[in-house]
Structures are given as structure tokens and as C-alpha cells.
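Biologist: I'd love a close look at one part of this model, please. Could you walk me through it strand by strand?

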Amino acid sequence: MSHPRVDLIAGEARTAIAAARGASELEQARVRYLGRQGALTLLLRSLGTLAAGERPRVGAAANEAKRELEALLEARLAEARARERREARGRQRLDLTLPGRRPPRGSLHPLTLVRDRIVEIFAGLGFSVAEGQEIESDYNNFEALNIPRDHPARDMQDTFYFSEDTLLRTHTSPVQVRVMKAQPPPVRIIVPGRTYRRDVADATHSPVFHQVEGLAVDRNISMGDLKGTLALFAREMFGPGSSIRFRPSFFPFTEPSAEFDVGCFLCHGGGCRFCKQSGWLEIGGSGMVHPQVLKNVGYDPEEVTGWAFGMGIERIALLRYGIDDIRLLLENDLRFLGQFA
Ligand code: DAH
């Protein structure tokens, strides 16, 4: 069934549909011919004005054209949508020739660098790494180390207690006790670890800090071995020209006891602000393991002797890198940490 008036509109509409590029132009064509004001719609609506004889032919032709154009639009629309999806996928495809984006490179924390260096130096001397527990018994932290009940270190001012006999270790020295109780001599250990004291944070204090403990127990171990070992450590850590000195001191778990200093590596002994004009930098405490401590762990002080030392890792990091505030080591500011890459 056809009719010239319908054919004219349908022909135009087919051309428009064929020429449309994409879904939105197809929609425009649909509106123009099949929309409420569309040419074909208006023709169908005007059937009543036609002569009665013409009405059925025009009506039938217009309805047929309408179905045909709707099907045509539907088909072209599906095609256009599929093409648009394909193109969108194409745009999203990875371009493997693009240069990669480099993730920022992390670096080790200065405390880790210092700890690793210390461990490396002592590993080279045959020491192995031991670790205890940060939550310690009062016995291991104090009692076994000859620190009596009334010792000021046990004061509530200094120690975080969980209960009468459980606490956060105030030093790495209890690991000496743990290791010696667990194995017979000889012992050569280096103990890096976290320690706690009830200090208010300021430029030189932090309630959480790190220590390294050293312990050597064997037959005929002497104070000379201690001094030679610490001198070698100082040269490795602070440079080949470094020297050390002992200052007589007291620790309940060593006899004799000595604090040890390294020659100031800024002024080389001449005296400067860094070493407070003394020419020396205080590094840690040390001494010969007290016979009572050896007895407490089941060793025979007539058979074996030993030396021990303990030092703060923060202190060494501050000295080595010229950092003037211990809090910088805890704040995790990437601008600070990035300088140690
Ligand atoms: N534990 C001591 C402190 O925290 C340091 C120390 C001194 C450790 C002498 C030792 C030592 O092993 O022999 O102050």
C-alpha cells in the first residue's frame, strides 16, 4: 500500500535516518517525523480532513510507513549505541607505550638505620641478635638484675607498671636474664629493642625509646675485652679516628661499672657546643656482669665471667645525624624522614 503524500514523507525520513550520525541525531529524526509534531504524526491526525474516499488508503499507507520507520530507527539506534560503547571501550584501553608513573620511594627510618648498623657491627664479631618482650616481669627487669625493691628506677615516676609484678621494660637488660636462663654459656648477644619510661616528652626525652644491649659471657672474659670491643664499635660507628673512654660509674647489675663516651667527632676533642665543651659524647653504660646476676640465672661465677653494655639508639641517631630534637624521630613527618633515603 502506498500513497504519494506518505511516500514523500517516508522517503525524506529514510534519508534522514540513514544520514544520522549517532544516537542523538537519530532521536532528532524520530522527533521530526514520528514525534507529537512530527510530519507523519500530523498526517495521521489530519486524516479526518481528507475526502472519505482517500482516507483508508492514506491511513493504511501512513501506518505502514510509521511501523517501518520505527523499526528502522530501532535498528539504527541499536547499531549506534553499540558503536558508541565500542568507542568508549577503545578510549579506556591502556596505552602500554605511556611512560609509567613512579611511586615515591620509601626509605628506612633513621632509628632503623642506626639499629641495623649496630647489629651489623656486632654480627661481624660473632654476636647474634636476641629479642625479649616489651611486657616484662618485675623479676627479669629488676630483681634478677640486682635492682632492689627500693631502687629509684622502680619508682612509679619511672616505670609503667601493669601490676605489682608486670611492667613495660625500662631497659633491654632483662633480655640478658632471659637469654642466660635459656642457654648455658658461652653467650654473645646483641639486643636491640623498645623500652619505656614514665618521662614527659621534650627535646631529649621520650616515654618510648630504644636501646641496644650487648652481653658476652664465657671463661676468662675481662674488662679489657669490653673496652676493646667498644673501641672497635666506636670506630665502625663514628669513623676510624674515634676513641672511647670509660668513666667509673655504678649499675646494680655490673661490678665494676663504667659509662663510656666517644671522642666528639665534630671538634675531635677540642670542645664545642655539640659536646658541651667536654670533647666527649656520652654513649652508654657498661661493666662486668655482677656475680650475683650470674648466680640468679644459674651460671657459676667461679667458672665464667662476662661483660655487658647498654646504650640508647635515639641518642646515637641524634649524634650521628645532627638532629636536635628526639621528637622528630617519632613524628613520622615524611619531609624529615625523606632526608635519610
Ligand atoms: N640498663 C642500663 C640503663 O638502661 C644501661 C646499662 C648499663 C646496660 C650497664 C648494661 C650495663 O648492660 O652493663 O640505663
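Biologist: In which sense do strand E7 (residues 244-251) and E8 pair, and over how many bridges?

Modeller: Happy to. This is a predicted model, so local features need pLDDT of at least 70 and side-chain atom pairs count only at pLDDT 80 or more, while totals for chains, interfaces and linings use all residues. Residues are numbered from 1 along each chain as its sequence is written, and side-chain values use heavy atoms, with hydrogens and water left out.

Now to your strands: E7 and E8 run antiparallel to each other, joined by seven bridges. Strands here are DSSP runs (E, at least two residues), as are helices (H or I, at least four), numbered from the N terminus; two strands pair if DSSP finds at least two bridges between them. Strands of a sheet pair through backbone hydrogen bonds, either parallel or antiparallel. One facing pair is Ile-244 and Val-262, the latter in E8. Just two residues separate E7 from E8, and the two strands make a hairpin.

On to the other neighbour of E8. Strand E9 (residues 280-289) is antiparallel to E8, with eight bridges between them. Here Glu-259 has Gly-285 of E9 opposite it. E9 in turn pairs with strand E10 (residues 305-312), again in the antiparallel sense, over five bridges; Ser-286 has Phe-309 in E10 as its bridge partner.

Stepping back, these strands belong to an open sheet of seven, ordered E1-E5-E6-E10-E9-E8-E7, and its pairing is mixed. At its edges are strand E1 (128-129) and E7, each of which pairs on one side only.

How enclosed is E8 (residues 254-263)? Seven of its 10 residues are buried, so the strand is largely enclosed by the rest of the structure. Buried means under 20% relative accessible area, exposed over 50%, and partly exposed in between (1.4 Å probe, protein chains only).

There are side-chain links to look at too. A network of salt bridges connects Arg-245, Arg-247, Glu-259 and Asp-261, where a salt bridge is a side-chain nitrogen of Lys or Arg within 4 Å of a carboxyl oxygen of Asp or Glu. Glu-259 therefore appears twice in this picture: it is a member of that network and it stands opposite Gly-285. Overall, the structure holds 17 salt bridges. Another of them joins Glu-303 and Arg-219, at 3.0 Å from N to O. That pair spans 84 residues, with Glu-303 in the loop between helix H9 (291-296) and E10, and Arg-219 in the loop between strand E6 (208-218) and helix H8 (223-238).
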